[in-house]
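Thanks for making the time this morning. I would like to walk you through a structure that is new to most of us, going through its strands, then a helix, then its core.

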Amino acid sequence: MLFRSRWTLAPGVRVLNGAPPGFNPFGSVDTSGATDIGDAFNIRAAREAELNGLLPADSQIRYGNSPRFQYPLYTTLYRPHESYGFNANVVHDLFGKQLQLFANTYYMHNESENQLAPSPVAGLSVTPQNYHFQQLFGTAFDPEDVLGFNYRTVEAGPRTVYTDFDTIQLVGGLRGQIAESTWNWEAGFLYDRVTINEKQTGGIAYDRLNSLLADSSPGAWNPFGYTPPFGSSLANSAATVDSLKESANTRSVGDTTGGDIRAGGEVFDLPAGPVSLSSGYANRRESVDYEPDYAIQQGLIRSEEHTSE
């Protein structure tokens, strides 16, 4: 079994300007002697450590994984929000206790903002056709070779989600007591609507990024660079970075409607107390309408709700 060797930029390198002589970006490690997958990973890690010892002291490349991303620098401890609303209750006797009108309603509006780390770019590939790949490693590679990479578009800024949440509910109906008996009745209805509008910024247009990665001209995306947190890219121009930035909107509406009618009261007495009877009918209908932007539907934009950390 062959495992592709992992490599990354050496600490402090912002843009890869050269590779050690004879460096093979598609190199692999033979793990055929491994007893299980965990052992294969260990063999690869040990071989990468050996290869690092063979690299020149000033090598801009190091074998192995890059350090973990610093999520706390971007994740907010407190989520800013603002809310307001009102509620009202009404009970009115139309004919004494025999017929009452009742109603309850409320409205609530909430605005909030949430921030996450810049969008992760995973599952994409660089081929030897990429302009910057050719500048670094030459053209003596199989065009079918694929170099997978994981990256966070720090230069595009954090992902921020702005959420507007509105909910309104109305409950109302009639109720009353039957004559002077213990029997009473009630007929009511319910209407409830929840509306959520979200704007997600900091998304990355994957179709454009894939196109730039496949570009063989100097305008191609250069994946061989590092941008520190809250920094700007030295590997790609601001105009190129801006061309990948996208925002998207989603709208979700949930409606609940229902009604019920019931009646009940005492039927007869027993030594231990009265026996009561109650009967009724209820109906409830719920619906949800979710409307994401076309780009989200097609997976062309990766943002907060559509990308795992």
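Let me begin with strand E10, which pairs with strand E11, residues 245-270, in the antiparallel sense over 19 bridges, and within that pairing you can find Lys-199 standing opposite Asn-249 of E11. Please keep in mind throughout that this is a predicted model.

E10, residues 184-205, is also joined to strand E9, residues 159-177, by 18 bridges, and those two strands run antiparallel as well. Here Gly-176 stands opposite Trp-185 of E10, and in the hairpin of E9 and E10, where six residues lie between the strands, Ala-179 takes a positive phi near 50°.

Now to helix H1, residues 37-54, whose 18 residues should span 26 Å at 1.5 Å a residue, and whose end C-alpha atoms are indeed 26 Å apart, so the two values agree. The buried residues of H1 are Ala-40, Arg-44, Glu-48 and Leu-51, and because they cover an arc of only 75° around the axis, they sit on the same side of H1. In general, an α-helix has 3.6 residues a turn, so residues three or four places apart point the same way. On the other side of H1, Asn-42, Ala-49 and Gly-53 are exposed, while at the N-terminal end Asp-36 acts as a cap, with a side-chain oxygen 3.1 Å from the backbone nitrogen of Gly-38.

Finally, the largest nonpolar core has 31 residues, and those with the most contacts inside it include Trp-7, Phe-133 and Trp-221. The largest share of this core, four residues, comes from helix H3. Trp-7 itself touches, among others, Leu-16, Phe-137 and Phe-224.

Methods: Residues numbered from 1 in each chain as written. Predicted model: local features only at pLDDT ≥ 70, side-chain atom pairs only at ≥ 80, totals over all residues. Heavy atoms only, no water. Core = buried A, V, L, I, M, F, W, Y, C linked by side-chain atoms within 4.5 Å. Buried < 20%, exposed > 50% of the residue type's maximum accessible area, 1.4 Å probe, protein only. Contact = heavy atoms within 4.5 Å. Pairing = 2+ DSSP bridges. Expected span 1.5 Å × (residues − 1). Arc of directions from axis to C-beta. Polar contact = N/O pair within 3.5 Å; in protein donor to acceptor, adjacent residues only side chain to side chain.
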